[in-house]
Amino acid sequence: MAAERDYYEILGVARDAAPDVIKKAYRKLALQYHPDKNRGDASAEEKFKEAANAYEVLGNAEKRARYDRFGHAAFQGGGGGGGQYQNVDDIFANFSDIFGDFFGGAFGGGDPFSQGRRRGRQTGPARGADLRYRTELTLEEVVSGVEKEIQFETEGNCEPCNGTGAKKGSQPATCTTCGGQGQVIARQGFFQVATTCPTCHGSGQMIKDKCTSCSGRGRSKLQRKIKVTVPAGVDTGTQLRVAAEGEGGFRGGTPGDLYVEIQVADHKRFEREGSHLYSALDVSYLQALLGTEIEFEGIDGTETVRVPPGTQPGARIRVEGRGVPLLRNKGRGDLVLAVDVSIPAKLSRDEEKLLREVAEKKGEKVLPAKKGLFG
């Protein structure tokens, strides 16, 4: 099996190339090897797909970072997300916004070579858009896992007209301006200039008797309320994909997905670093000197913490397995406690007397007692 070519080599850019340089390089290759410009040339079509695969990865900051670190292996063995286009139509479907950006200013929008493909997608079923929702969790919820109910507004097919936009009992008619194609096309030399039909606004249909519920749009606002199971161990920035809970599809198309982004609120007693939790453990100077066992209120229960004799201020005591659960593995991180030794500002007469005796036996030089200072 032949080795896969480096994506930077395919686009002809340096590894530190800026996003706009990568985009420009892909634009050049897309124009050069476009299948409709090179009809019957299988080699050009393969290079067109190869460039799309490279751009899908390098044109996405997260995928590019994974590729820079792991190469092609980042998208193998279950690590999906890399470019693996085998069908030209899939490229147009997934990069419709990109082709619109590349060619839109000069050609009136979209890919100038592929009007037939665009028309078919515009009037047929279309997938709804993906939606994003941010929800905030407490650290306690992160440790235990939680089921969150979220509410959001989206769009879907109007139920009374089933997304047609036409009043019940009537049907849309083919647009007489564009002949149902959704676009008005004119030629400028080698290229075709396509603009959205001004009559039907790209739908290819005209509605005489409009649905009163949606005013002929075929879409209606929906208030959604769903429950999302959040596993233990998530962190700020974690995204949970909920399939088919995004925007409703168009003309019978499938719904998009819902991506729930996690934001973890700050905690007043704990700081988190990966799967480990950090906090302070308050002990008296006598407990630090002589050692003790202290009951500490952890994130999800009381922990008995042993403080060895002679513990120094700032020393760290690690309680294994009492941190945050690992998101994709079994087990938990650790609870790390920084010892904070409390030194009293005032001593009783008896405490002062005993401590001065200890200082005298150890030969420690201390200030003389001042009458009335203690007790």
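In the predicted model, E273 lies opposite H276, a residue of strand 11. Strand 11 comprises residues 276-284 and runs antiparallel to strand 10, to which it is joined by three bridges. Both strands belong to an open sheet of four strands, arranged in the order 10-11-15-14 with mixed pairing. The edges of this sheet are occupied by strand 10 (271-273) and strand 14 (316-319), and because each of them has a single partner strand, one side of each is left without a neighbour in the sheet. On average, and with direction ignored, neighbouring strands of the sheet are turned by 35 degrees against each other.

Helix 9 spans residues 285-290 and includes L289. With a relative accessible area of 55%, L289 is exposed, since the exposed class begins over 50%. Together with L286 and L290, L289 makes a nonpolar surface patch of about 320 Å².

Helix 2, by contrast, was examined for its length and for its buried residues. The helix consists of 15 residues (residues 19-33), which at 1.5 Å a residue should span 21 Å, and the distance of 21 Å between its end C-alpha atoms agrees with this expectation; the expected value is reached because the rise is multiplied by one less than the number of residues. The buried residues of helix 2 are I22, A25, Y26, L29, A30, L31 and Y33. In general, an α-helix has 3.6 residues a turn, so residues three or four places apart point the same way.

The structure contains 22 salt bridges, among them a pair formed by D300 and R322, whose closest N and O atoms are 3.1 Å apart. This pair links distant parts of the chain, 22 residues apart, with D300 in the loop between strand 12 (292-298) and strand 13 (301-307) and R322 in the loop between strand 14 and strand 15 (335-342). Both partners are partly exposed, D300 having a relative accessible area of 39% and R322 one of 26%. Elsewhere, salt bridges with shared partners join E155, R217, R219, K221 and E247 into one network.

Two further salt bridges involve a buried residue. E56 is paired with K63, with 3.5 Å between the closest N and O atoms, and E56 counts as buried at 16% relative accessibility. In the salt bridge between K148 and E141, the closest N and O atoms are 3.9 Å apart; here K148 is buried, at a relative accessible area of 18%, whereas E141, at 21%, is partly exposed, because the buried class is confined to values under 20%.

Conventions:
Residues numbered from 1 in each chain as written. Predicted model: local features only at pLDDT ≥ 70, side-chain atom pairs only at ≥ 80, totals over all residues. Heavy atoms only, no water. Helix = DSSP H or I, 4+ residues; strand = E, 2+ residues; numbered from the N terminus. Buried < 20%, exposed > 50% of the residue type's maximum accessible area, 1.4 Å probe, protein only. Patch = residues over 30% accessible without salt bridge, like charges linked within 9 Å, V, L, I, M, F, W, Y side chains within 5 Å. Areas by Shrake-Rupley, 256 points an atom, 1.4 Å probe, with all protein chains shown as cover. Salt bridge = Lys/Arg side-chain N within 4 Å of Asp/Glu carboxyl O. Pairing = 2+ DSSP bridges. Axes fitted to C-alpha atoms, helices over the stretch in contact; angles between N-to-C directions.
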